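Reader: Hello! Could you take me on a close look at a single part of this model, the surroundings of the ligands where the domains come together?

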Amino acid sequence: MIVNISLPDGTTYDITIDRLKKEYFDRKVVVVTNPTISALHLDYLKDKLSAKELSVVTIPDGEKYKNMQTIETILEHCFENKLNRNSLLIAFGGGVIGDMTGFAASLYQRGIDFIQVPTTLLSQVDASVGGKTGVNNKYGKNLIGAFHQPIAVNIDPYFLTTLPKRELGAGIAEIVKMAVTFNKDFFQWLEENDLNDEENIKTAIAKSVETKAWVVSQDEKEKGLRAALNYGHTFGHVIENETNYNTYLHGEAVGIGMVMANELAKKIAYMSDEEALRVKKLLEKYDIPTTYKIADVEDFYEHFFLDKKSLDNRIKFIVPKGIGNCEITDKISKEDVIEVLKRFSN
Ligand SMILES: NC(=O)c1ccc[n+]([C@@H]2O[C@H](COP(=O)([O-])OP(=O)(O)OC[C@H]3O[C@@H](n4cnc5c(N)ncnc54)[C@H](O)[C@@H]3O)[C@@H](O)[C@H]2O)c1
Ligand SMILES: O=C(O)C(=O)C[C@@H](O)[C@H](O)[C@H](O)COP(=O)(O)O
Ligand SMILES: [Zn+2]
């Protein structure tokens, strides 16, 4: 299956959901990966991929290495191998690899091409599509980065056969996000079907990618609609940063964040108790965490001001309106937010 994404500036690329096909690139290619993925799947990739010149740069595995230092490592490899403006980077891994490879590609000689070959569920349904690239720093999540679109996304569901169950759950959280914000029927389908089934997971990947491509096509730079894809993230990013990126997977923090956002939606009468419970139950079906103990509510609140959606001291929240619809708003009072945060502090 192929989903095309076309942006207003004429940029267009295909997202292919299928086994990888043999491909030759008449240019210098650098594959960016980590030791975990390399041990499991690099031979498979190399069997499909050939190039005028091919090299591999292996960076450490983990969200805590998603930083400028690792970007330097990737760029250093590009310089050592004398890449030029016609060269290509291939992101071979999960969202961490994808975000960093894309960012390095945006920087090298002011921008070269890159392709996404996502190997986690989360990166297949979300991170590989749409061109958000970047790294974390001590101030917060993804605060340094660029919009840089890949020239292709090749999603091969075969990679999921080696993915640990917890990582699968993290990906499912982002699938649930797409359904709650945009698609009531998809949400119902998710309630009725088991994503441990191979065919069902392919359907869910396709549905999520279609949703994301549709959103990004309309609003690449997150001036409006795209912010909806941040449902759960306003809270989730604070949780990830507070716990030093070593306690929760990104998708897990988003799962907790969606439950928090739903509490906010209930507070302003956008969501019923029953609807919020349906979302929580769906997350719990895949052992995705839904609770977090906030140590300092004021501190947690202050962290929102570093969120990239916050402008001129106003915090933007994505609140679901029932299931399948949502609103992006900066009109929620501090009192309401603090009251909701307090529900998670004892
Ligand atoms: N750019 C975007 O639009 C976007 C969207 C969502 C998330 N993200 C980012 O993506 C990151 C999270 O991505 P992730 O959940 O893929 O995490 P990840 O990249 O850290 O991968 C998770 C773990 O799975 C391992 N792994 C990867 N593929 C595997 C496979 N096939 N089999 C076994 N193990 C495998 C990795 O080595 C890693 O240890 C976060 O940094 C988040 O901010 C970006
Ligand atoms: O593509 C988007 O837009 C998203 O918001 C997808 C999110 O799942 C992803 O985690 C993204 O990186 C978060 O947005 P950010 O701008 O806060 O980094
Ligand atoms: Zn995310």
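**Around the ligands**

Author: Happy to! In this predicted model, ligand 2 is surrounded by Asp126, Gly130, Lys132, Asn142, Glu174, Glu222, Arg226, Leu229, Asn230, His233 and Lys308. Sorted by class, that shell holds 6 charged residues, 4 polar ones and 1 nonpolar one. Both parts of the chain take part: domain 1 (2-161) and domain 2 (164-343) each give at least three residues to the shell around ligand 2.

Ligand 1 has 30 residues around it, and those that come nearest are Gly94, Gly95, Val96, Thr120 and Ala127. Two or more residues of this shell come from each of helix H1 (35-48), helix H3 (95-107), H4, helix H5 (165-182) and helix H9 (250-267). By class, the shell around ligand 1 counts 13 polar, 10 nonpolar and 7 charged residues. Here too, at least three residues are drawn from each of domain 1 and domain 2.

Now for the domains themselves. Their C-alpha centres lie 25 Å apart, and 27 residues of domain 1 are in contact with 28 residues of domain 2. On the side of domain 1 that touches domain 2, at least two residues apiece are supplied by strand E1 (2-6), strand E2 (12-17), helix H4 (121-127) and strand E8 (140-147). H4 provides the largest share of that side, 5 residues. By class, this side of domain 1 has 15 nonpolar, 8 polar and 4 charged residues. H4 thus appears twice in the picture: on the side of domain 1 that touches domain 2, and among the elements giving two or more residues to the shell around ligand 1.

Key: Residues numbered from 1 in each chain as written. Chains lettered and ligands numbered in written order. Predicted model: local features only at pLDDT ≥ 70, side-chain atom pairs only at ≥ 80, totals over all residues. Near = placed C-beta within 6 Å. Nonpolar A, V, L, I, M, F, W, Y, C, P; charged D, E, K, R; others polar. Domains from an automatic or database assignment. Contact = placed C-beta atoms within 7 Å. Helix = DSSP H or I, 4+ residues; strand = E, 2+ residues; numbered from the N terminus.
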